[in-house]
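Trainee: I'd like to learn how to read a cavity in a model. Can you walk me through one?

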Amino acid sequence: MSNETENPLGPPPWLNAPPVEGYPYEDTHDLRSGPDLHPSLLGLLPFVGLWRGRGQGGFPFEDDYNFAQEIRLSHDGRSFLRYESRAWLLDDESKPIGQALVESGFWRPVLVDGRPGDEMEATMIRPDGVAELYLGKAATTRLEMVADAVAYTPSGLHVTGGQRLFGIVEGALLYAHELAIDNSGLKPHMSARLLRIGG
C-alpha cells in the first residue's frame, strides 16, 4: 500500500514544522510581577505565594513523623491557582533524612452568573496513584475542602476520603489534612505551619 492509501489527507502539518521557542507564558507566585491576577481569584489572593515550614504527620503510618514542606500557589493570569507541594522527612535535630509526599493540583472558584462566590473546586494528584476532587468554601483567610471523589490506581494507596483546612494566621499558612483509607474514617494525616518566603 502506498502512503496515500494509508493516509489520504497526506502528512500532518506539524510533521516537518520548524522548532518552536520555549513556553511563552509566565506564571508567578509573586503578585508584584508577572501576569495580573484574574479577578475571579481575589477571594484566594491571601494564599498566593511560596510557603515553607514544618509540620507533623501520622496516619496511615503507625508512628508520627516530623517533616519540612514547601508549597507554591501560583497563577498565570487565568481563573485558577496552581498548587505544588513537596515535603521531606526530618530527624530530631531537624536534619533532612528522606523525601516525602509530593502533590500537584489546581484550585478554582465556582462562578455563579459569571461572578465568583465563596465556593471552590480543587483537584489534587499524588505519585502514589491517588487523585482527589475537592469541593470547598473560601472565606477571607480560611479555606475548607472536603473530597467529593477519590480515585486510585490498582497499586495505589486506597484513599477513600479526605478533608483539608487551610488558614492564614498571623501571616503564616496553617493547614490540617485528614485522610481515610478503606473503611478507616477520617484520621489526622498531616498538619503544618508554613511561612511566606516569596510572593
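Mentor: Sure, let's start with the lining of the largest cavity: five residues are nonpolar, two polar and two charged. Here Ala, Val, Leu, Ile, Met, Phe, Trp, Tyr, Cys and Pro count as nonpolar, Asp, Glu, Lys and Arg as charged, and the others, Gly among them, as polar. Keep in mind that this is a predicted model, where local features need pLDDT of at least 70 and side-chain atom pairs 80 or more, while totals for chains, interfaces and linings use all residues. Numbering runs from 1 along each chain as its sequence is written, and side-chain values use heavy atoms, without hydrogens and water.

Trainee: Which residues line the largest cavity?

Mentor: On a 1 Å grid over the protein atoms alone, a cavity is a set of points where a 1.4 Å probe fits but cannot get out, and lining residues have an atom within 4 Å of a point. In this model they are Gln69, Tyr83, Leu101, Glu103, Arg164, Phe166, Tyr175, His177 and Met190.

Trainee: Which strands each supply at least two residues of that lining?

Mentor: Strands are DSSP runs of E, at least two residues, numbered from the N terminus. Strand S4 (96-112), strand S8 (159-169) and strand S9 (172-181) do so here.

Trainee: What is the volume of the largest cavity?

Mentor: A volume is the space filled by probe spheres set on the grid points, which are joined across faces, edges and corners. For the largest cavity that gives about 50 Å³, and the count of cavities of 30 Å³ or more is one.

Methods: On a 1 Å grid over the protein atoms alone, a cavity is a set of points where a 1.4 Å probe fits but cannot get out, and a pocket is an open set with protein on both sides within 12 Å along at least five of seven lines; lining residues have an atom within 4 Å of a point. Helices (H or I, at least four residues) and strands (E, at least two) are DSSP runs, numbered from the N terminus.
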